[in-house]
Amino acid sequence: MKRRLYSGRDVNRAHSIDDLREMARRRLPNFCFEYIEGGAEDETTLRRNRNVFDEIAFLPRTLVNVEHRSQSRTLFGQRVASPFMIGPTGYSGLMYREGDVQLASAAAAAGIPFVLSNASTIALEDVVQRAGGRVWMQVYMYRTREFVAKLAQRSLAAGIEALVVTTDSAVFGKREWDLRNYIKPLMLDWRNRFDVLGHPRWMSNVLWPSGMPRFANLGDLLPPGQTSVKGATITLGQQLDPSLSWDDIRWLRDLWPKRLVVKGVLGAPDALRAVEAGVDGIVLSNHGGRQLDGAVSAMDVLPEVVDQVRGRLAVMLDGGFRRGSDILKAVALGADAVLLGRATTYGLSAGGQRGAARAIQILQTEVDRGLGLLGCSDIAALDRSYLRWHALSAAPALVYAGSAHDAVTAA
Ligand SMILES: Cc1cc2nc3c(=O)[nH]c(=O)nc-3n(C[C@H](O)[C@H](O)[C@H](O)COP(=O)(O)O)c2cc1C
């Protein structure tokens, strides 16, 4: 018989993120799945985000007592159950009714933080109140800076723990596979309209009774009555600010008293600028291959960034994480935490909160098993000596940085 991923409806029968992806593919109309799945232009960066993990191999230790294993860590002064969290994904309400609350609740139950996208369909105050747990808020630096200031004020009042500013979206990436589904902006072609009709389960969950979900955080930014997807997309496109600079980060730093994170750094020089700007953390990210096609993967630059800024701010990253082993490789290279994008979105799309919880559970189990098989009982002890990175041979500078670092940590 041919090998097949699980594609039924019981999320507990999913054994991997790929199973959840297959379930999501079947439950969602094509245009929704493509919105999650696709990358920019030739999707070179999207592929790189996955391929990079194949170039890193583990060097396990044998005959080590791994009876008790811990993957818990400290992030921004508090314990987290695992070295990963759910990152921001806009318009999650399109995948599942009240998608933002479902994701946030799954994260809270698992003891990991959740980053709410500012393009959510549930207001940030409601997400915090209904889900509990540690909620961070993602914002773009819109041209209307008063809106950003107001969102920061609302976040503070609601008990948001950290503000995450995404800086890789000065202009929109060109996601061609997504665009091909439309005759003109936001008008699906006939093929896709028929395809929607073939997904009654999704229609009754997401569209009934009010139609397409609306954006809930952007009310003050959008003209009256324009919180529909169409109104918002047009306005948000105009609101993206290509003149954004590090001065704007400093402006936000003065305004926001809690943890500030910059998402969209891809290299040591910008990581050092982030230190100078006084931020508390960075997320190395190419936006899941959805913005600049041809950009490096966050994993490509992680070692050099860690070598430059370790201890001065939290180094987080995202892009292509689908396995516990991927997460362990990032942690061994010095990452403080990994953000999940599509992995938990597949879970959400496959089965709401239970699906997102299943995605987290799969990854937590894989991290735990990976630690056991590596012969490392505490994730805090994981370092580069557990890895052999084939790519290093092509980048001698990194070999040096890596071994220098190992020498320091071994001492
Ligand atoms: C459907 C979707 C929506 C996204 N929306 C946002 C967003 O609103 N804000 C943001 O900063 N990043 C957004 N991202 C990027 C993710 O936060 C993250 O950088 C990326 O998904 C990581 O790659 P991965 O999906 O391969 O894990 C989105 C990604 C996806 C797949």
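His 287 is buried in this predicted model, with a relative accessible area of 13%. That value falls under the 20% cut-off, so the residue counts as buried. His 287 lies in the loop between β11 (281-284) and α13 (298-309). Its backbone is also notable. Phi of His 287 is near 60°, a positive value in a residue other than glycine. Most residues other than glycine have a negative phi.

Phe 76 presents a second case of this kind. Its phi is positive, at about 50°, although Phe 76 is not a glycine. Phe 76 is located in the loop between β2 (73-75) and β3 (78-80). Its relative accessibility is 13%, and Phe 76 therefore counts as buried. His 287 and Phe 76 thus each combine a loop position with a positive phi and a buried side.A third backbone feature concerns a peptide bond. Trp 208 and Pro 209 are joined by a cis peptide bond, with omega at about 0°. Most peptide bonds are trans. Pro 209 sits in the loop between α9 (200-207) and α10 (229-239).

The overall fold was examined next. The protein chain contains 16 helices and 14 strands. Its radius of gyration is 21 Å. A compact globule of 411 residues would have a value near 22 Å, so the chain agrees with that expectation. Along the principal axes, the C-alpha atoms fill a box of roughly 60 × 60 × 40 Å. Of the 411 residues, 56% are buried. Contacts were also sorted by separation along the chain. Among those with a separation of 6 or more, 72% link residues 24 or more positions apart.

The surface and the charges were then considered. The accessible surface of the protein chain amounts to about 18100 Å². Carbon and sulfur atoms account for 52% of this area. The chain carries 50 positive and 43 negative charges. The mean positions of the two sets are 6 Å apart.

Strand β13 (residues 337-340) has both faces covered. Ala 337 and Leu 339 lie on one side, and both are buried. Val 338 and Leu 340 lie on the other side and are buried as well. Two pairings involve this strand. Strand β4 (residues 84-86) pairs with β13 in the parallel sense, over three bridges. In β13, Val 338 stands opposite Phe 84. Strand β12 (residues 314-318) also pairs with β13 in the parallel sense, again over three bridges. Here Met 316 stands opposite Ala 337 of β13.

A helical position was examined last. Val 128 belongs to helix α5 (residues 124-131). Its relative accessible area is 17%, so Val 128 is buried. Leaving aside residues up to four places away in sequence, Val 128 touches Val 135, Ala 158 and Ile 160. Ala 158 is 30 residues from Val 128 along the chain. The C-alpha atoms of Val 128 and Ala 158 are nevertheless separated by 6.9 Å.

Key: Residues numbered from 1 in each chain as written. Predicted model: local features only at pLDDT ≥ 70, side-chain atom pairs only at ≥ 80, totals over all residues. Heavy atoms only, no water. Helix = DSSP H or I, 4+ residues; strand = E, 2+ residues; numbered from the N terminus. Rg over C-alpha atoms; globule rule 2.2 N^0.38 Å. Buried < 20%, exposed > 50% of the residue type's maximum accessible area, 1.4 Å probe, protein only. Contact = heavy atoms within 4.5 Å. Areas by Shrake-Rupley, 256 points an atom, 1.4 Å probe, with all protein chains shown as cover. Lys, Arg positive; Asp, Glu negative; His and termini not counted. Charge placed at Lys NZ, Arg CZ, Asp CG, Glu CD. Pairing = 2+ DSSP bridges.
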